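Please open the structure in your viewer and keep the selection panel at hand, since the tour moves from one selection to the next.

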Amino acid sequence: MAKGLAIASLQILSLLLLASLGQSKTLFTNLTVYLHEFRSGDAQSIFPVAGLPNVTWGFDQFGTVFVDDNILTQGVSIESTLVGRSQAIPVVASLDGNNTALAATILFTNGKYKGSTVEFKGIALRSVDANEFAIIGGTKQFRYATGYIIFELVSAVGGYIISRVDLYIRQDIPDDYPGIAFL
């Protein structure tokens, strides 16, 4: 009798567990935008703001902290439709100056996702042309965001860098969550 009761209890618990697993909607969004970074000149978009004492701050100097506000466009041309901004705090994090730790936000300023953000974090390796970062959250249309972003170098001429940015966003949204308007 006790064995039968234990089995029935396990079956009920299994059903409750399965029911709770199905309580969300999963959305996938894949976007491609192009980042334009200007390291010098009138349109400069990245600046060193802190670093170690008694050394020249730079892109290959350990401990240098930057702040950037880069343009994101729909196409590779700077003249294509503005999508938003990539605003970040990169820090040269390896002693040899080859790796940069990055905490960043993509802020959409136009189009379907206007006012929404995607937050990401990771390490950029100077030795490769493509770097992957973890999506750690988002706001508005991207609440509950996870996934990854791939930055791939398109061109680097002088102090002007263009990168292709592919976002692979996953959102697991509870069925009873009223906060996201699905478009």
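**A charge over a ring, then the strands**

Begin by selecting Arg39 and Phe59: the charged end of Arg39 sits over the ring of Phe59, at 3.8 Å from the centre of that ring. Bear in mind throughout that this is a predicted model.

Next, select residues 65-73, which make up strand E3 and include Val67, and then bring in its partners in turn. Strand E1, residues 24-38, pairs with E3 in the antiparallel sense over three bridges, and within this pairing you can pick out Leu35, whose bridge partner in E3 is Leu72. Strand E2, residues 46-50, also runs antiparallel to E3 and is joined to it by four bridges; here Phe47 stands opposite Val67 of E3. Adding strand E4, residues 82-92, shows another antiparallel pairing with E3, this one over seven bridges, in which Val65 has Val91 of E4 as its bridge partner.

Now return to Val67 and display the surface. Is Val67 buried or exposed? It falls in between, because its relative accessible area is 39% and the partly exposed class lies between 20% and 50%. Extending the selection to Phe47, Val49 and Ile89 along with Val67 reveals a nonpolar patch on the surface, whose four members together have about 330 Å² of accessible area.

For the last stop, turn to the aromatic rings, of which the structure holds nine pairs. Select Phe108, Tyr113 and Phe142, which ring pairs link into a cluster. When you inspect such a pair, the distance of the centres and the angle of the planes are what describe it.

Note on methods. Residues numbered from 1 in each chain as written. Predicted model: local features only at pLDDT ≥ 70, side-chain atom pairs only at ≥ 80, totals over all residues. Heavy atoms only, no water. Patch = residues over 30% accessible without salt bridge, like charges linked within 9 Å, V, L, I, M, F, W, Y side chains within 5 Å. Areas by Shrake-Rupley, 256 points an atom, 1.4 Å probe, with all protein chains shown as cover. Salt bridge = Lys/Arg side-chain N within 4 Å of Asp/Glu carboxyl O. Helix = DSSP H or I, 4+ residues; strand = E, 2+ residues; numbered from the N terminus. Buried < 20%, exposed > 50% of the residue type's maximum accessible area, 1.4 Å probe, protein only. Phe/Tyr/Trp six-rings, centres within 6.5 Å; stacked < 30°, edge-to-face > 60°. Lys NZ or Arg CZ within 6 Å of the ring centre and 35° of its normal. Pairing = 2+ DSSP bridges.
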